[in-house]
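Here's a quick tour for anyone who wants to get their bearings before opening the viewer. Have a look at the structure, then read on.

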Amino acid sequence: MAAIIRFNQVGFQYPKRESMFADLSLHIEQGQWVTIVGPNGSGKSTLTKLMNGLLAPRSGTIQIGGVTLDGHTVSDIHRRVGYLFQNPDNQFIAATVQDDMAFGMENRCLSQEEMQRRINQVSVELGIQDWLHRHPSSLSGGQKQRVAIAGLLVLDPEVMIWDEATSMLDEQARREFMTRMRQLRVERRLTIVSVTHDAEEIMASDRVLVIKDGKLVAGLTPMELFVQGELLQECCLRPPFAVELSLELRRRGVDVDICRDEEELVNALWPSCPVKS
Amino acid sequence: MAIVSSEKLGYQYVVNGGSAQSFALKDISFEWEQGQFYAILGAAGSGKSTLLQHLNGILQPTVGRIRVLDVMFEAGVKQKGLKPLRKRVGLVFQFPEQQLFADTVEQDLMFGPLQFGMSEQEARQAAREALHTVGLPEAVLTMNPFQLSGGQMRKAAIAAVLASNPDLLVLDEPTATLDPLSRQELIQLLHRLTVEQGKTVVVVTHRLDEVLPAASHYMLMKAGRLVFQGSRAELLAQPLQLQDAGLALPAALRLRQLLDERCKERSSVLEAKGQEVPITASEWAERLIEVRQIHQMRKREQDGEQALSPTVRSTKLLQQQQSEQSAELGANVYYAITRDSESAVRSLCVLKGEDER
């Protein structure tokens, strides 16, 4: 599979602060769902902002789909790589939800009809039809994030970056959203880069990149990460409940595989139990 | 006396310049006692945040009434001069950056105490103590709040509220956007405040999982109404209501349900223990091992019984009884189960025990 995002010896530094990345190289394959984890202040968000040109590297090169990110290509790359912020208030511009969704498309010179079509489609998808004429600030935190996600989806991006983006969604909305993301990824061959602390979200991804001290220290599967207690602690993470419980059981001498969820765990503990069809 | 009590509280937002009205809260009645940890649960838009804003008069009821400490808010009566109340009710909003504004963390932490009439000296002291309570190092005092990490900012915002020494601490989604370790720490910190300082803590959240080990009382909101209030055990007995209110079941409850569905026998053992549903992974590990052992023991007994003739079985049970007799008397009863041969042995043993006495 081709790499859609490639960092070659990237250096980055915020003004008047210590260097964040000196020589960072990594790549993310097209269609993959990649989670970025690391200790607080390790530069996870900085890394994702470099990916869509919100920040510019001091040295090295960044390529998106083979195109090198520079002053000429940055606006094109903005469109191809959607960025969803942690706090949805940072994402709103217009006075109504609908206008806000239209804003990004207006910059892409789409026809009025096409814009309306996309707004309708995405608002139904995300269940926000009833709010289209409301002011974004009149929505609750979780509702705002759904609107922000809609504003991104109408642009039909190739890569989506989630910077702790689902942390304000309630559980049901988050789960629905995750299901939808899995679907979208398959349908549109979407690449997802997610910065998150959520165990379930990490578990849902294909690959985890661990960033520490400005370096890529590990690239592994979610399960490989969750069984490394020390690394988890460093990244301020906790494993999913089923993994934690499997580990607790093993610690007490019970011979059980490490399970991803409660269902797997019950099956592993009592294979003779009738499995619900 | 309850420190907050609400009677049929309702709140109507006025939209489109008064032409349309929508109820954000309806018919909310409850009482909160001092020193307790309350969790208000509900999905996005259920009215949790609207309710919070009634606690220090940012919003005032349009229907019914709510008494907070010694201030009564009643529909139609606009309360003013709320500074004394606001000193005693600390509100921490969803995003801490909304609450921090000064050049240094110290100024932010001293702002409340100074506003509420403390001297410069006292305010400085209060700021330090609050910082210590939330576990931030003194070095951050001179820093700009916006240099802090998300977790530190959250703690600083809570410290800024604690510095005024409120009786009631109300936090709106305090753990959102924090990493899991900081979340756990924060909930533990809030729990300590109730136990050690007798503060009343109210947390609005949609993550039941993380408040479960700490909160003693729960309120469940749905579409502006209070659909449940009660203890942890009562809440956990209502999985359908939780799902109906748009909440994810906590992992502990999911596991419990799976056991119920799949293995009636095992879950009945859980119940027979007469204990609350285990919450943490280690509590669950202990309990599952217990359940397995009991199950295996029963199975062994059953298998053994089937293979042996009634006479041999009685003999074996007798031997078992005798070997355990020295250990403890209470154990006798366990093996006295139902079948014929066993009943026989049981009577024998009882007689034998009486003889010995």
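Is B:K155 buried or exposed?

## A lysine in chain B

B:K155 counts as buried, because its relative accessibility is 16% and the cut-off for buried is under 20%. One thing to keep in mind from the start: this is a predicted model. The lysine sits in helix α5 of chain B, which runs over residues 150-162.

So who does B:K155 touch? Leaving out residues up to four places away in sequence, its contacts are B:V134, B:L136 and B:E185. There's also a C-alpha distance to look at: B:K155 and B:L131 are 24 residues apart along the chain, and their C-alpha atoms are separated by 8.2 Å.

## The two chains

Chain B has 357 residues, and 50% of them count as buried. Its secondary structure adds up to 15 helices and ten strands. For chain B, the accessible surface is about 16900 Å², with 49% of that belonging to carbon and sulfur atoms. Take the contacts in chain B with a separation of 6 or more, and 61% turn out to be between residues 24 or more positions apart.

Now for chain A. Here there are 277 residues, 53% of them counted as buried, and the secondary structure is eleven helices and ten strands. The accessible surface of chain A is about 12400 Å², and carbon and sulfur atoms hold 47% of it. Among chain A contacts with a separation of 6 or more, residues 24 or more positions apart make up 61%.

## Where the chains meet

Interface size is often quoted as the accessible area lost when the parts come together. On that score, chain B and chain A bury about 3700 Å² between them, 62% of it on carbon and sulfur atoms. On the chain B side, B:L181, B:R262 and B:R292 lose the most area to chain A, together 18% of what that side buries. In terms of residues, 40 from chain B are in contact with 39 from chain A.

What about the polar side of things? Between chain B and chain A the count is two salt bridges. One pairing to look up is A:R252 with B:E286, whose side chains meet in a salt bridge at 2.9 Å, N to O. The count of residue pairs in polar contact between the chains is also two, both at pLDDT 80 or more.

Three helices of chain B, α6 (180-197), α10 (251-262) and α12 (281-307), each supply at least two residues of the side that touches chain A. The largest share comes from α12(B), with nine residues. Sorted by class, the chain B side that touches chain A has 21 nonpolar, ten polar and nine charged residues.

## Two positive phi angles

Which backbone spots deserve a second look? In chain A, the phi of A:Q9 is near 45°, a positive value in a residue other than glycine. This glutamine is placed in strand β1, residues 3-13 of chain A. A:Q9 is exposed, because its relative accessible area is 52% and exposed means over 50%.

In chain B, B:L69 isn't a glycine either, yet it has a positive phi of about 55°. This leucine is in the loop between β4 (63-68) and β5 (71-74) of chain B. Is B:L69 buried or exposed? With 9% relative accessibility, B:L69 counts as buried.

Definitions and conventions. Residues numbered from 1 in each chain as written. Chains lettered and ligands numbered in written order. Predicted model: local features only at pLDDT ≥ 70, side-chain atom pairs only at ≥ 80, totals over all residues. Heavy atoms only, no water. Helix = DSSP H or I, 4+ residues; strand = E, 2+ residues; numbered from the N terminus. Buried < 20%, exposed > 50% of the residue type's maximum accessible area, 1.4 Å probe, protein only. Contact = heavy atoms within 4.5 Å. Buried area = accessible area lost by both parts, 1.4 Å probe. Salt bridge = Lys/Arg side-chain N within 4 Å of Asp/Glu carboxyl O. Polar contact = N/O pair within 3.5 Å; in protein donor to acceptor, adjacent residues only side chain to side chain. Nonpolar A, V, L, I, M, F, W, Y, C, P; charged D, E, K, R; others polar. Areas by Shrake-Rupley, 256 points an atom, 1.4 Å probe, with all protein chains shown as cover.
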